[in-house]
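Me: I am in my first year and would like to understand one part of this structure closely. Please choose a starting point, explain how each piece of reasoning is made, and take your time over it.

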Amino acid sequence: MKSIIAATLLVCFFAVTSSELQCEHTQLDIPKEWKDMAYPCISKMRSQVEEELKAAMQYMAMGAHFSKDTVNRPGFAKFFFKAASEEREHAIKIISYLLMRGELTSKVSDLIKKKCKLLIILTPRLTSWANGVSALKDALRLEAFVTRKIRDIIAVCESNPTQFNDYHLVDYLTADFLGEQYHGQRDLAGKISTLEKLMGQHGPLGEFLFDKKLLNDEL
Amino acid sequence: MKAFFTVLSVLLVGVLASEEYCYDDVVRACKTTNKLSTSPINCTAKYGAIDGVEEYLQKYVNHHFIRSFEYLLMSTHYANYEKNRLGFEKLFRGLSDETWHDAIELIQYITKRGGEMNFQTVSNDIISEEQQDANFELYELQSIAKALDIEKKLAVEAHRIHGEATRKNSKFHDPEISSHLEHEFMPKHRDTIRKLAGYTSDLSTLLNGPDSSLSLYLFDEYLQKQ
């Protein structure tokens, strides 16, 4: 009996004195009135992160295609790899905006990790193109798609009558995001026009020359 | 004796001739009088062990993309107003950027060796990881521990690909692939792993002390300057 008591006391002693790492902090009590984004708006912005990353991976596939030795268009490859990294920067910008407004305090993992969503993002829809101009056309269609998505966010965040007209977000999306989209689309459309005309009589030669111009940042 | 040498020379010629795929194809292609004939010529950049390790390299690229996005999530978590750890945000954002650019470089490397990229291939381990709803909103020590494990997985995978390219079998001995991995990836991984392991040592002693909250703040401040 005495030995049992002694043993239990010993166990308790060790339990009390064994050091435990204080890894977690106490619950915080921060006022929440300043967080004024409406739920449908937040939801749309969150899904835009995934859209931007999908666009980034689509550009990555284009870059990979034109890097192949059998295709050999380093100018196109450079252009598309750069576009891929830019799309990722857009996704990061959207995340930064949400963070500024006090969002993304929960379900951060769901942004791109909900049940194999990441594997879906990772697989681009298209992976090969017959020539450079068809890839540029697909790029333009991709940009137009992303622009429509941004306009959808603006529509939801601005004019949903029962909720909150989010002036700042709409202004930010209109100025920064839409501005960049429209400039980018104009740039792509111009490139497609130039390339198609270059390829008029001498297809491969036109594409070859265009590729070198792209490589040397002459366009 | 003479017979032996003639047989040997014939064999040698035969061996060398069979290695002139590109030249033979070009000769054949140029001989055709039909100008519209476009049969492809077998002149690729493939040599050495690229066929043997292409799939592993493709998987390695996809793993880099996955880890890049995971680090981005961890960075996002630390940047929200409740965590507000700018040092940790910077650490994970740096890891995300690094894995992203490594992936692009690897794609360029695969294509340089005459291969191509396949965005759908990943290892079975990753697939089973992805099938669970993972949590990337971790506390500080846990997040660095997770990063350390991720980096070790990437480092060991590079070792495996290196092994695939340097088997004694002549078909798979490819010092170029192994030296590319040795120079471009292994030192970087080694240094990152050492850095993260050092952070876990520091953090675990700090969190064992009386004021873990202040320690975390000061550690985060230190990370902001790295």
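Reply: A good place to begin is B:Ser68, which sits in helix H3 of chain B, a helix that covers residues 50–79. Please keep in mind throughout that this is a predicted model. Is B:Ser68 buried or exposed? Its relative accessible area is 0%, and because buried means under 20%, this serine counts as buried. Leaving out residues up to four places away in sequence, the residues that B:Ser68 touches are B:Ser96, B:Thr99 and B:Trp100 from chain B, together with A:Arg88 from chain A. By contrast, B:Ile110 lies 42 residues from B:Ser68 along the chain, and the C-alpha atoms of these two residues are 19 Å apart.

One of those contacts, B:Trp100, leads on to another residue, since B:Phe65 touches B:Trp100 as well. The other contacts of B:Phe65, again without residues up to four places away in sequence, are B:Ala103, B:Ile107 and B:Phe119 in chain B, and A:Met57, A:Met60 and A:Leu122 in chain A. In soluble globular proteins, nonpolar side chains tend to be buried together. Here the largest nonpolar core has 114 residues, and B:Phe65 is named with A:Met60 and B:Phe92 as having the most contacts inside it.

A polar residue in the other chain can be read in the way we read the serine. A:Gln48 is placed in helix H2 of chain A, and its relative accessibility is 2%, so it counts as buried. Setting aside neighbours within four places in sequence, A:Gln48 is in contact with A:Ile94, A:Val146, A:Lys149, A:Ile150 and A:Ile153.

Helix H2 of chain A also brings us to the cysteines. A disulfide is a covalent bond between the sulfur atoms of two cysteines. Over all chains, the structure holds two of them. In chain A, A:Cys41 is joined to A:Cys157 with an S to S distance of 1.9 Å, and the torsion about this bond is about 105°, so the disulfide is right-handed. The bond links distant parts of the chain, because A:Cys41 belongs to helix H2 (residues 39–67) whereas A:Cys157 belongs to helix H6 (residues 132–159), 116 residues apart. Both A:Cys41 and A:Cys157 are buried.

In chain B, the disulfide is formed by B:Cys22 and B:Cys43, whose sulfur atoms are also 1.9 Å apart. B:Cys22 lies in helix H2 (residues 21–31) of chain B and B:Cys43 in the loop between H2 and H3, so this pair ties together parts that are 21 residues apart in sequence. This link is right-handed, with 95° about the S-S bond. B:Cys22 has a relative accessible area of 32%, so it is partly exposed, and B:Cys43, at 29%, is partly exposed too.

Why does B:Cys30 not bond to B:Cys43? The closest cysteine sulfur to that of B:Cys30 is in B:Cys43, but the distance is 9.9 Å, which is too far for a bond, because a disulfide requires sulfur atoms within 2.5 Å. B:Cys30 is exposed, with a relative accessible area of 62%. A:Cys23, at 17% relative accessibility, counts as buried.

Finally, nonpolar residues also appear on the surface, where A:Met1, A:Ile4 and A:Ile5 form a patch with about 350 Å² of accessible area together. A:Ile5 is in helix H1 of chain A (residues 2–17), and its relative accessible area is 42%, so it is partly exposed.

Definitions and conventions: Residues numbered from 1 in each chain as written. Chains lettered and ligands numbered in written order. Predicted model: local features only at pLDDT ≥ 70, side-chain atom pairs only at ≥ 80, totals over all residues. Heavy atoms only, no water. Helix = DSSP H or I, 4+ residues; strand = E, 2+ residues; numbered from the N terminus. Buried < 20%, exposed > 50% of the residue type's maximum accessible area, 1.4 Å probe, protein only. Contact = heavy atoms within 4.5 Å. Core = buried A, V, L, I, M, F, W, Y, C linked by side-chain atoms within 4.5 Å. Patch = residues over 30% accessible without salt bridge, like charges linked within 9 Å, V, L, I, M, F, W, Y side chains within 5 Å. Areas by Shrake-Rupley, 256 points an atom, 1.4 Å probe, with all protein chains shown as cover. Salt bridge = Lys/Arg side-chain N within 4 Å of Asp/Glu carboxyl O.
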